[in-house]
Amino acid sequence: MPGLSAKWSSFIFLVWSVSCVFLFCEYLIYYQTIIQCSWPEMNRAPHRDNGNTEHVPILRALFLSDTHLLGAIRGHWFDKLRREWQMERAFQTALWVLQPEVVFILGDVFDEGKWSSAKDWEDDVRRFRKMFRHPRDTELIVLVGNHDVGFHYEMNWFKLQRFERVFNVTSATMFTRKGVNFLLVNSVAMHGDGCPICQAVESELLRLSQDLNCSLQSSAIGPLSEHCHRAQTFPSSLPIILQHYPLYRVSDASCTGQDAAPPEERHLLFKEQYDVLSQEASQKLLWWFQPRLILSGHTHSACEVLHGNKHPEISVPSFNWRNRNNPSFILGSFSSADFVLSKCFLPEESTVIAIYCSAGAVLLLLLLMHLHTLRRALQCACCLLGKHKTV
């Protein structure tokens, strides 16, 4: 009986140890990491409006990019299970800890959206909705990327409208909350070759820029043009452009930080309309909207660029372990006149693997020690039994 009790104790200890390691690596590590993040502080100094003192409303927004949910064509089941679980736990933990008012995903939600059959598309959407479920008081805004509808030469109305129906977003729209204007752009359609989709998107962007101009002029003293009397009204605030492709830059050579592109890749030249927007399309967006900030994805790595010495752009790294070892997301506090950003890193995949390997090595060592002790105990028992028989 004592031997049986010792065996059960060892078994229970083994199960308890494995459970603790699993619980930490698959749940608790996300809380331990994300709880260290916080919203960047912004000055809430009151302002006077019609003689009344009011505090400036602050919008808290979370930005992530390039989730790349694997599809049916080249998605291995274990790869799907592992990486999608990582993104689900990271996202749900971030919602619980940080409680953002709005979440933006900057494109490439799916890895194979451009190839998906109707059945595969429905399955991908179902998995996405499960992973990125959110409370009603948090808005989720999803932008289109090249993997969702294809590059320019692969994109068509069917793929684009299928995406827009699911995510209730159009290729060019102004999303406004608390006096903050976010311009959502389908950058895949900014090819400038006169394709039907490109023409429709550029026409809508031009209209939005003219209407926004009217709203900005209305806050100034002076007569409004005839067009402005019919224009859509927006808050009098320069917009923040959100899109998948970055604006034109030569390379990532000037990008720094632990989540920038690897040193050997930073000097690789970018291809216009493939890695970044063309110079013409970039200048068009900057000229039309004069944005106070641009946020983009696509490269899977972080970068900060200043266009024309006055338009900052932040490239948001991939949220998926499949694309980088140290995913992250951006936290932003916004008012109609100002913004402050901070970055929140997720657990590194290499850290989780190292914990599992270390725990496995320790448990194996303990098991070997236990077997060795048990073997010696059996040998002693046999010796005592032999002596007893001799007597």
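Me: Which element gives the most to the nonpolar patch on the surface?

Reply: Helix 8 gives the most, with four residues. The patch is formed by Phe13, Trp16, Val362, Leu365, Leu366 and Met369, which together have about 620 Å² of accessible area (Shrake-Rupley method, 1.4 Å probe, only the protein chains shown counting as cover for residues). The elements that give two or more residues to this patch are helix 1 (2–34) and helix 8 (349–390), where helices are DSSP runs of H or I with at least four residues and strands are runs of E with at least two, numbered from the N terminus. This is a predicted model, in which local features need pLDDT of at least 70 and side-chain atom pairs count only at pLDDT 80 or more, while totals for chains, interfaces and linings use all residues. Residues are numbered from 1 along each chain as its sequence is written, and side-chain values use heavy atoms, with hydrogens and water left out.

Me: Why is Leu366 called partly exposed?

Reply: Leu366, which lies in helix 8, has a relative accessible area of 36%, and partly exposed is the class between buried (under 20%) and exposed (over 50%), with a 1.4 Å probe and protein chains only. The value therefore places Leu366 in the class between the two. Patch residues need over 30% relative accessible area and no salt bridge, with nonpolar side chains (Val, Leu, Ile, Met, Phe, Trp, Tyr) joined within 5 Å and like charges within 9 Å.

Me: What makes helix 2 largely enclosed by the rest of the structure?

Reply: Of the 22 residues of helix 2, 16 are buried, so the helix is largely enclosed. Helix 2 (residues 77–98) reaches 31 Å from its first C-alpha to its last, which is close to the 32 Å expected at 1.5 Å a residue, the expected span being 1.5 Å times one less than the number of residues. Just after helix 2, Gln99 takes a positive phi of about 50 degrees.

Me: How do you know that Glu88 forms a salt bridge with Lys130?

Reply: The closest N and O atoms of Glu88 and Lys130 are 3.0 Å apart, and a salt bridge requires a side-chain nitrogen of Lys or Arg within 4 Å of a carboxyl oxygen of Asp or Glu, so the pair qualifies. The pair links distant parts of the chain, with Glu88 in helix 2 and Lys130 in helix 3 (residues 118–131), 42 residues apart. Glu88 counts as buried at 6% relative accessibility, whereas Lys130, at 46%, counts as partly exposed.

Me: Why are Asp123 and Arg127 separated by about one helical turn?

Reply: Asp123 and Arg127 are four residues apart in helix 3, which means a separation of about one helical turn. Their side chains meet in a salt bridge at 3.4 Å, N to O. Asp123 is partly exposed at 28%, while Arg127 counts as buried at 10% relative accessibility. Both belong to a salt-bridge network that links Glu84, Asp123, Asp124, Arg126 and Arg127.

Me: What makes Glu204 and Arg207 a salt bridge, and how exposed is each residue?

Reply: The side chains of Glu204 and Arg207 meet at 2.6 Å, N to O. The two residues are three apart in helix 6 (residues 196–218), and are therefore separated by about one helical turn. Glu204 counts as partly exposed at 27%, and Arg207 is partly exposed at 29%.
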